[in-house]
Amino acid sequence: MIYLDYQATTPVAPEVAKAMHPWIEEKFANPHSPSRWGHEAEAAIEVARKRVEKAIGAKGGSLAFTGSATEALNWALKGTVEKAPKGRNRIITLATEHAAVLDTCEWLAGHGIDLTILPVQPNGRLDLDVLARELDGRVLLVAVMMVNNEIGVTQPISEIARMAHEVGATMLCDAVQAFGRLGIGDGPDLIAVSAHKIHGPKGVGALWMRKGKEPAPFIHGGGQEQGLRSGTMSPALCVGFGAAAKLAEERLTRDYDHVQKLWKAAIHALGPGWIINGCTECRYHGNLNIRREGVDAARLIADLRDIAFSLGSACASGSGRPSHVLRALGLDYREARSSIRLGFGRYTTQQELVEACHRIARAAVEQEKLDA
Ligand code: PLP
């Protein structure tokens, strides 16, 4: 199989698997129990916490582990609303956010929050003038992702945070696709990340919280994670996340340069006839979302079963829902249906990527011939 679905998930790094191994095989103590073994597990979690925090790079806050970024985003949104000062009842977000943000915002709207979902420009970027017009003293929270999971387009997070702060609002950044790949901009008060997008294990995410901006407790119980997110923690998952974060930080430039080369090679190998969805420059280049007139993307995937790539959002794949991100760019149904997403990164070789692109291009031409 040629794996080109890095936005859906990433292969676990060998270093991560090795770091996790003792915590699965031998070291089973509860990290919250007072025994020597419990303390050892607790210490390992604290080392991991520091590693994830360091890789995020934000200062003046703390980090809580969660079961996923979806949980971190739910918690950030609901917990901030729970602690909202009187008179602040508005949330502003974007039409291209992940379902973990959009669906939670819709749920909050059903419970009395005044929700504004801003459109994006045809290239996927937020027009900051549009945001400026919406910001006022009633805004509680501005939630914007840094790198889009479907189209890879980046948003100017530091500038958005600055604008949110000017009206006293809190800024939440879904940094799931940016973490470990690009530097996360300075400014957000709440940052959600996930281990499995950076070659770590599935089932663990985290929420970084600026001091004073911690959301209300989300899961009640034994008081773990500063009393904010109860539940026995998994040393194996946290250690794996820490190892993945450390590795991502160490390899940031090397991985970035590799991805830039892969992007160029993929574009060249695909040849003419493809249109890139979303901004070409303001983008993480490990995400190549493209369309071609007349192509049926679902058929392309079915024809090339030994290449793992995606149509629309991987998070919503199987749901049958048309991509809300591609629609937000103004693509019509036919254009969205002829769009595919190739995601590549650290362990993708140029040779396999080029081979896959040649085969995808050939299969698309075959479709055209059959349909002619
Ligand atoms: N946000 C973005 C941008 C994502 O791409 C994803 C997963 O695809 C999530 C949030 C949810 O992350 P998790 O799988 O940790 O729940």
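1. Helix pairs are sorted here by the angle between their axes: an angle over 145 degrees counts as roughly antiparallel, and one under 35 degrees as roughly parallel. The structure under discussion is a predicted model.

2. Helix α1, residues 14-25, packs with helix α7, residues 235-250, at an angle of about 160 degrees. The two helices are therefore roughly antiparallel to each other, since the angle is over the cut-off of 145 degrees. Their axes lie 8 Å apart, and the crossing of α1 and α7 is right-handed.

3. On the α1 side, the contact with α7 is made by Glu15, Val16, Ala19, Met20, Trp23 and Ile24. Helix α7 contributes Pro235, Ala236, Leu237, Val239, Gly240, Ala243, Ala244 and Leu247. By class, the residues of this contact are twelve nonpolar, one polar and one charged.

4. A second helix pair is formed by α3 (residues 69-82) and α4 (residues 99-109), which pack at an angle of about 30 degrees with their axes 9 Å apart. That angle makes α3 roughly parallel to α4, because it falls under the cut-off of 35 degrees. The crossing of α3 and α4 is right-handed.

5. In this second pair, Thr70, Leu73, Asn74, Leu77, Lys78 and Val81 of α3 meet Ala100, Val101, Thr104, Cys105, Trp107 and Leu108 of α4. The contact of α3 with α4 divides into eight nonpolar, three polar and one charged residues.

6. Turning to internal space, how many cavities of 30 Å³ or more does a search of the whole structure find? The search finds two. The largest cavity holds about 140 Å³ of space, and the second largest about 40 Å³.

7. The lining of the largest cavity consists of 16 residues. Nearest its centre lie Gly180, Arg181, His199, Asp255 and Tyr284. Helix α8 (residues 252-270) supplies the largest share of this lining, with four residues. Sorted by class, the lining of the largest cavity has nine nonpolar, three polar and four charged residues.

8. Which residues line the second largest cavity? They are Leu94, Thr96, Glu97, Gly124, Met145, Asn148, Ile151, Val153 and Gln155. The lining of this second largest cavity divides into four nonpolar, four polar and one charged.

Technical notes: Residues numbered from 1 in each chain as written. Predicted model: local features only at pLDDT ≥ 70, side-chain atom pairs only at ≥ 80, totals over all residues. Heavy atoms only, no water. Axes fitted to C-alpha atoms, helices over the stretch in contact; angles between N-to-C directions. Parallel < 35°, antiparallel > 145°, perpendicular 65-115°, else oblique. Left-handed = near helix turned anticlockwise from the far one by under 90°. Contact = heavy atoms within 4.5 Å. Nonpolar A, V, L, I, M, F, W, Y, C, P; charged D, E, K, R; others polar. 1 Å grid on protein atoms, 1.4 Å probe; cavity = no way out; pocket = protein on both sides within 12 Å on 5 of 7 lines; lining within 4 Å. Points joined across faces, edges and corners; volume = space filled by probe spheres on them.
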